[in-house]
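Reader: I have a chain open in my viewer and would like to learn how to read burial and helix faces. Could you walk me through it?

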Amino acid sequence: MISSFKTDRPSRLRTPVVYAWMCVGIAIVFLSSCQRKDVNSVSDSTLRFQIIGDWGTDSPEQRAVATRLNAQAEADGSQFTLSVGDHFYPNGVSSATDSRWQSSFLDVYAGYVTRRDWFAILGNHDYYGNAQAQIDYAARSSIWRMPARYYSFTKALDDREVLFVCLDTNPFAAEFAGGKSPDVTKQDGPRQLRWADSVLTASRATWKIVLGHHPIYSAGFHGDTPDLKRLLLPILKKHKVTAYLCGHEHDLQHIEQEGIHFVVSGAGGQTRLGGDNRPVAFQEKQKAGYAFMTLSTDTLRCKFYDAGGNVLHRFTQVRK
Ligand SMILES: [Zn+2]
């Protein structure tokens, strides 16, 4: 499996010393990717991954979901996890060496899924702590993938590829409006959207999938995110994105609207009632769980699981 990251980082002056370290780094990355290929390699022509968010509660629900996730992911040959934010409650982590990396992440999910990549994005609770620490942790972890606050990666699917655009939606969230968080205020939302538009424009991927912590549409406690509806949704529609994956709401939802599947998978560690009871394809407010997606070149399949291993909802999308 090949993952190639793209971020929006500016180029820097490079001295011979920097080049030397880059060569060492490339060699290490190459060797580690060779090693990881053993555990991540697949021989068939589907891409299989789970989507889980809002998990770092240290609760019985988190552990129950984790146990079930490991069993199902192994049985179905899952290749990686998409982690859609709010990884540590209530206030994120303080550093890349915070003890909660072990106690709330590695210990809880120990097993099949922690031998494979976790592609992660930041939630609001991650910003309540040290958001940069989650990027720093990626540099020292063999499975935690967060090269920047927003980035993209691709996965091979037969002779084609799938594009994942991983966003930081916190600059568009109402709770941070008015400059409540200096770290969020420093983020350049318009620049990020221009970057997302350019990545989607350049891509010839068979499937284009976008991730952000905050929902665009939601029938849950928080409801829609107006700035994402206004600013991000037109980009998704323009590029015929198949699915937008998010968390933030502590429930499971499937909303199909304007030709896009909106998947809310924010019940990894707790659930929450509330919402406007609008009619949606699926919503589960009382059972913790996660979503699982299988992609072939022609078909996207998604299932929602609870911690008991029951399939609560499923949908299929044939490639248009
Ligand atoms: Zn959240």
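Author: Happily! Of the protein chain's 320 residues, 42% count as buried, where buried means that 20 or more other C-beta atoms, placed from the backbone, lie within 10 Å of a residue's own, exposed means 12 or fewer, and partly exposed is in between. This is a predicted model, in which local features need pLDDT of at least 70, side-chain atom pairs count only at pLDDT 80 or more, and totals for chains, interfaces and linings use all residues. Residues are numbered from 1 along each chain as its sequence is written.

Reader: Which residues of H7 are buried?

Author: A general idea helps here. An α-helix has 3.6 residues a turn, so residues three or four places apart point the same way. In H7, the buried residues are Gln-192, Ala-196, Val-199 and Leu-200. Seen down the axis of H7, they fall within an arc of 95°, so they line one face of the helix; the arc is that of the directions from the helix axis to the C-beta atoms. Helices (H or I, at least four residues) and strands (E, at least two) are DSSP runs, numbered from the N terminus.

Reader: What does the face of H7 turned away from its buried side carry?

Author: That face has the exposed residues Pro-190, Arg-191, Ser-198, Thr-201 and Ala-202.

Reader: And how is S12 paired with S13?

Author: Strands S12 and S13 run antiparallel, joined by seven bridges; two strands pair if DSSP finds at least two bridges between them. Tyr-290 stands opposite Tyr-305 in S13, and a hairpin of three residues joins S12 to S13.
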